Amino acid sequence: MKTTLILGSTVIDMIVRVPHLPVTQEDINTRSMTMALGGCAYNAARMLRLFRLPLFHCSPTGDGIFDQITGKLLSEEGLSPAIVVKGWDNGCCLCLVEDSGERTFLSTHGAEYGFCEEWLADLDSAQLDYVYVCGIELEEPTGLAMLKWLREHPGPQVFFAPGARLMHLDSSRWQAIEACRPILHLNEAEACWLSGNQSVEAAARTLRGRFGSAVIITRGELGAVCCSADGNYQALPGVKSEVVDTIGAGDCHAGTVLAGLKQGWPLAVSVDLANAMAARVVARPSARLDENEFRTVLGAWRQKIGKDLPGNGKCGIL
């Protein structure tokens with residue numbers, strides 16, 4: 001099986017639970033404050049790791065205080081930083097989680113959002129099947145170098161998750177990523193903004209036509225819709241769950257879809273499992289699942305669809 005390249009950050013999430021977002025001069029007490037590894041690319045990569053699929057997460061770290069925390073948390077997972085950038089600290093993300101479960105991010109970017117083509121100099125792109133890219137990294141100054149690398153290595157299929165700041169990408173960067181004909185993974189609000197449509201089906205079909213590849217649009221408790229590269233549109237229902245917080249749910253969904261496609265599963269089947277995984281993520285106070293939770297969701301889903309996994313791929317842990 002070929003390797004999936006994950007381009008993007010591993011960041012420290014400072015998760016602060018509050019009854020509501022504060023207003024100017026308000027003084028409120030927090031419910032709790034915790035620290036965890038996060039970042040869109042890290043969360044997506046974690047799903048591939050849970051599936052025990054080959055990947056290379058090109059995620060830089062710096063050499064400051066936040067990097068020391070990142071390194072400690074990575075080592076606890078048996079991981080180490082892929083690239084170390086001297087003279088530059090990591091940033092962090094302050095995640096404010098309201099009682100409703102909705103989150104608001106205040107981000108400080110550091111070394112983790114950078115990119116340099118030299119980091120991939122020894123990587124044989126012929127051995128890659130997919131490249132995951134997040135829009136947050138493309139927004140950075142080094143995003144131009146990332147786009148250049150993608151343009152010069154057209155073999156692997158690009159899987160693009162634009163993210164909530166997609167409107168901050170300039171037209172030239174949109175044109176560059178569009179030329180890569182990526183699979184798109186985004187939520188309903190993002191899809192409607194990018195497509196100019198109010199209907200989720202119209203948005204999916206418009207974006208499929210514009211980008212020339214499959215489109216996946218998440219809809220929270222309603223599940224998700226997908227439109228394949230050949231124009232087959234399907235709506236997949238969500239899995240009911242009590243929302244604790246929504247941090248990382250979209251990343252988990254994207255990583256699961258990517259894991260399914262990597263194993264040769266049909267798009268709709270991959271999205272169906274992603275709905276189940278994301279529903280479990282929002283039901284717990286963390287952006288990620290542990291091994292036992294992952295196996296529980298996967299086992300229940302496998303029973304639902306039958307004993308044999310569809311497609312040509314096989315999940316190595318089953």
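In this predicted model, 4 strands come together as an open sheet with mixed pairing, and their order across the sheet is E3-E2-E7-E8. Because strand E3 (32–38) and strand E8 (103–108) each have a single partner strand, they stand at the edges, and one side of each is left without a neighbour in the sheet. Averaged over the sheet and with direction ignored, neighbouring strands are turned by 20° against each other. The points below take up this sheet and then helix H6.

**The sheet and the helix that packs on it**

- Helix H2 (residues 65–76) packs on the sheet, where it touches E2, E3 and strand E7 (92–97), and the direction of H2 makes about 75° with that of E3.
- Strand E2 (residues 11–17) runs antiparallel to E3, and the two strands are joined by 7 bridges.
- Within this pairing, Arg 17 is the residue that stands opposite Ser 32 in E3.

**Helix H6 and its surroundings**

- At the N-terminal end of helix H6 (residues 188–195), Asn 187 acts as a cap, with a side-chain oxygen that lies 3.2 Å from the backbone nitrogen of Ala 189.
- Along the helix, the buried residues are Glu 190, Ala 191, Cys 192, Leu 194 and Ser 195.
- These buried residues of H6 pack against two kinds of element, namely the helices H5 (171–179) and H7 (200–211) and the strands E11 (183–187) and E12 (215–218).
- Just after H6 comes Gly 196, which takes a positive phi of about 80°.

Key
Residues are numbered from 1 along each chain as its sequence is written. This is a predicted model: local features need pLDDT of at least 70, side-chain atom pairs count only at pLDDT 80 or more; totals for chains, interfaces and linings use all residues. Side-chain values use heavy atoms; hydrogens and water are left out. Two strands pair if DSSP finds at least two bridges between them. Axes are lines fitted to C-alpha atoms, for helices over the stretch in contact, and angles run from 0 to 180 degrees between N-to-C directions. Contact means heavy atoms within 4.5 Å. Buried means under 20% relative accessible area, exposed over 50%, partly exposed in between (1.4 Å probe, protein chains only). A polar contact is a pair of N or O atoms within 3.5 Å; within protein, one must be able to donate a hydrogen and the other to accept it, and residues adjacent in sequence count only if both atoms are side-chain atoms.
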